[in-house]
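Open the model in your viewer and keep the selection tool at hand. The stops below say what to select next and what is there.

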Amino acid sequence: MKKILIFLLLSIVFTSCKSTSTAVNNRDTKRENKYIVNHLVENATDNIGVKYKAGGTTKSGFDCSGLVFTTFESENIKLPRSSYEQSKIGKTINIDDAQKGDLIFFKTNKSKQINHVGLITEIKSDEIKFVHSSTSKGVIISSTKELYYKNSFAQINRVVE
């Protein structure tokens with residue numbers, strides 16, 4: 001009887017320890033995800049100045065989804081190749097909840113479906129800055145304060161929690 005009682009007490013102690021380690025694991029996961037987000041942004045912004053190239057996924061030229069695809073691939077995160085397909089990945093979130101590292105999508109040139117993507121680099125109270133590959137300027141940082149992007153904004157997705 002004593003052995004059973006000791007076994008039960010030890011089971012309770014070890015079970016409660018497991019819940020503590022889960023909290024530590026969650027904290028570690030958040031810390032690791034913050035590192036991943038910072039690395040994604042750093043990797044994407046390292047390409048500022050690279051020219052636009054339709055279908056491009058290298059330093060010789062990027063299109064918008066190619067930049068995002070290659071950036072996430074650097075962290076072993078597999079995304080679809082097109083901005084429209086990328087818009088189906090992760091969790092769609094409210095613009096007010098946007099964070100650095102989220103993907104921002106647009107319907108440009110009066111398109112009825114998503115056709116442009118960028119990676120959020122900075123959030124200010126009324127402005128979101130994002131790195132993307134523009135057909136006219138190549139890889140640059142733009143802002144949702146710019147009328148073109150303000151008028152064509154579609155959604156924001158979080159891929160890394």
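**A helix across a sheet**

Start with helix H2, residues 64-73, which lies across S4, strand S5 (116-124), strand S6 (127-134) and S7, and runs at about 65° to S5. Helices (H or I, at least four residues) and strands (E, at least two) are DSSP runs, numbered from the N terminus. Axes are lines fitted to C-alpha atoms, for helices over the stretch in contact, and angles run from 0 to 180 degrees between N-to-C directions.

This is a predicted model, in which local features need pLDDT of at least 70 and side-chain atom pairs count only at pLDDT 80 or more, while totals for chains, interfaces and linings use all residues. Residues are numbered from 1 along each chain as its sequence is written, and side-chain values use heavy atoms, with hydrogens and water left out.

**The whole chain**

Select the protein chain. It has 4 helices and 8 strands, which run α-β-β-α-α-β-β-β-β-β-α-β from the N terminus on. Of its 161 residues, 39% are buried; buried means under 20% relative accessible area, exposed over 50%, and partly exposed in between (1.4 Å probe, protein chains only).

Now colour by pLDDT, the predictor's confidence in each residue, from 0 to 100. The chain averages 88, and 84% of the residues score at least 70. Select residues 1-24: their pLDDT stays under 50, and the model has 0 contacts for them beyond four places in sequence. Contact means heavy atoms within 4.5 Å. Where pLDDT is low, the predicted coordinates should not be read in detail.

**The sheet**

In what order do the 6 strands of the open sheet stand? The order is S3-S8-S4-S5-S6-S7, with antiparallel pairing. Strand S3 (91-93) and strand S7 (138-143) stand at the edges with a single partner strand each, so one side of each has no neighbour in the sheet. On average, neighbouring strands of this sheet are turned by 35° against each other, direction ignored. Two strands pair if DSSP finds at least two bridges between them.

Select strand S4, residues 103-106. S4 pairs with strand S8 (residues 153-158) in the antiparallel sense over 4 bridges, and S4 also pairs with S5 in the antiparallel sense over 4 bridges. Within S4, phenylalanine 106 stands opposite phenylalanine 153 in S8. Phenylalanine 105 stands opposite glutamine 155 in S8, and its bridge partner in S5 is valine 117.

In a regular strand the side chains alternate between the two faces of the sheet. Are the faces of S4 covered or open? Both are covered: Leu103 and Phe105 on one side and Ile104 and Phe106 on the other are all buried.

**The cores**

Show the side chains around Leu103. Leucine 103 touches, among others, Val68, Phe72 and Leu79, as well as Val117, Leu119 and Ile156, not counting residues up to four places away in sequence.

Leu103 is one of the residues with the most contacts inside the largest nonpolar core, along with Phe72, Leu119 and Val160; this core has 21 residues. A nonpolar core is a set of buried Ala, Val, Leu, Ile, Met, Phe, Trp, Tyr and Cys residues joined through side-chain atoms within 4.5 Å. Helix H1 (2-45), H2, S4 and S5 are the elements that give two or more residues to this core. The largest share, 5 residues, comes from H1. A second, separate core of 9 residues includes Ile93, Phe106, Ile120 and Phe130.

**Back to H2**

Select H2 again. It is mostly covered, with 8 of its 10 residues buried, including Cys64, Leu67, Val68 and Phe72. Threonine 71 also lies in this helix. Is threonine 71 buried or exposed? Threonine 71 is buried, with a relative accessible area of 2%. Leaving aside neighbours within four places in sequence, threonine 71 is in contact with Leu40, Asn43, Ala44 and Leu119.

**Last stop: a loop**

Select glutamine 99, in the loop between S3 and S4. Glutamine 99 counts as partly exposed, at 42% relative accessibility. Apart from neighbours within four places in sequence, glutamine 99 is in contact with Ile120, Ile123 and Arg158. Draw a distance from its C-alpha atom to that of asparagine 157: the two residues are 58 residues apart along the chain, and these atoms are separated by 9.7 Å.
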